[in-house]
Amino acid sequence: QVQLLESGGGLVQAGGSLRLSCAPSGRTFSGRAVGWFRQAPGKEREFVAASSWIGRSTYYADSAKGRFTISRDNAKNTVVLQMNSLKPEDTAVYYCAAGRIIVSSLQPDYWGQGTQVTVSS
């Protein structure tokens, strides 16, 4: 069992930036791909970005391309989602996940508890 701990959410004005971090509690990512999903109120959870285990391949939802960057440091056992040029529609609970890359997305085996991101207009 892998427990994922997110940090870095908060309130930011439109156009601002936030940096989300994720680390497994007590273990490593164990060779899994890692990524981020988000869920806005009244909407389904959606894929945002993912990184392969080695980190040489990254995948983004269209809504994240050009604004968000996912990176991982396996030596430090962390994955980071840098979010720039934030928009009010980015407001959601963001979940870290670990699993496998399937069809340019992430099929999670494990989820974090989520961190709230709120973008004010």
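Arginine 45 lies over the face of tyrosine 95, at 3.7 Å from the ring centre, and the charged end of arginine 45 also sits over the ring of tryptophan 111, 4.5 Å from its centre. Both contacts are read from a predicted model, and the values given here are computed from its atoms.

**The aromatic cluster**

Tyrosine 95 and tryptophan 111 belong to a cluster in which ring pairs link Phe37, Phe47, Tyr95 and Trp111. A search of the whole structure returns three aromatic pairs, and among them are the two set out below.

| Pair | Centre to centre | Angle between planes | Geometry |
|---|---|---|---|
| Phenylalanine 37 and tryptophan 111 | 4.9 Å | 65 degrees | edge-to-face |
| Tyrosine 95 and tryptophan 111 | 6.3 Å | 90 degrees | edge-to-face |

The pair of phenylalanine 37 and tryptophan 111 counts as edge-to-face because its planes stand at 65 degrees, the cut-off for that class being over 60 degrees. Phenylalanine 37 is in strand β4 (residues 33-39), while tryptophan 111 is in strand β10 (residues 105-111), so this pair ties together parts that are 74 residues apart in sequence. Tyrosine 95, for its part, lies in strand β9 and tryptophan 111 in strand β10, so their pair ties together parts that are 16 residues apart in sequence.

How buried or exposed are the rings of these two pairs, as judged by relative accessible area? Phenylalanine 37 has a relative accessible area of 8% and is buried, and tyrosine 95, at 13%, is buried as well, both values falling under the cut-off of 20%. Tryptophan 111, with a relative accessible area of 35%, is partly exposed.

**The disulfide**

Strand β9, which holds tyrosine 95, also holds cysteine 96, one of the two partners in a disulfide with cysteine 22. The count for the structure comes to one disulfide, and the sulfur atoms of cysteine 22 and cysteine 96 are 2.0 Å apart, which is within the cut-off of 2.5 Å. Cysteine 22 lies in strand β3 (residues 18-25) and cysteine 96 in strand β9 (residues 92-102), so the bond ties together parts that are 74 residues apart in sequence.

Which hand does this disulfide have, given the torsion about its S-S bond? The torsion for cysteine 22 and cysteine 96 is about -80 degrees, and the disulfide is therefore left-handed. Both of its cysteines, cysteine 22 and cysteine 96, are buried.

Definitions and conventions. Residues are numbered from 1 along each chain as its sequence is written. This is a predicted model: local features need pLDDT of at least 70, side-chain atom pairs count only at pLDDT 80 or more; totals for chains, interfaces and linings use all residues. Side-chain values use heavy atoms; hydrogens and water are left out. Helices (H or I, at least four residues) and strands (E, at least two) are DSSP runs, numbered from the N terminus. Buried means under 20% relative accessible area, exposed over 50%, partly exposed in between (1.4 Å probe, protein chains only). Rings of Phe, Tyr and Trp (its six-membered ring) pair if their centres lie within 6.5 Å; planes under 30 degrees apart count as stacked, over 60 as edge-to-face and the rest as tilted. A charge sits over a ring if NZ of Lys or CZ of Arg is within 6 Å of the ring centre and within 35 degrees of the ring normal.
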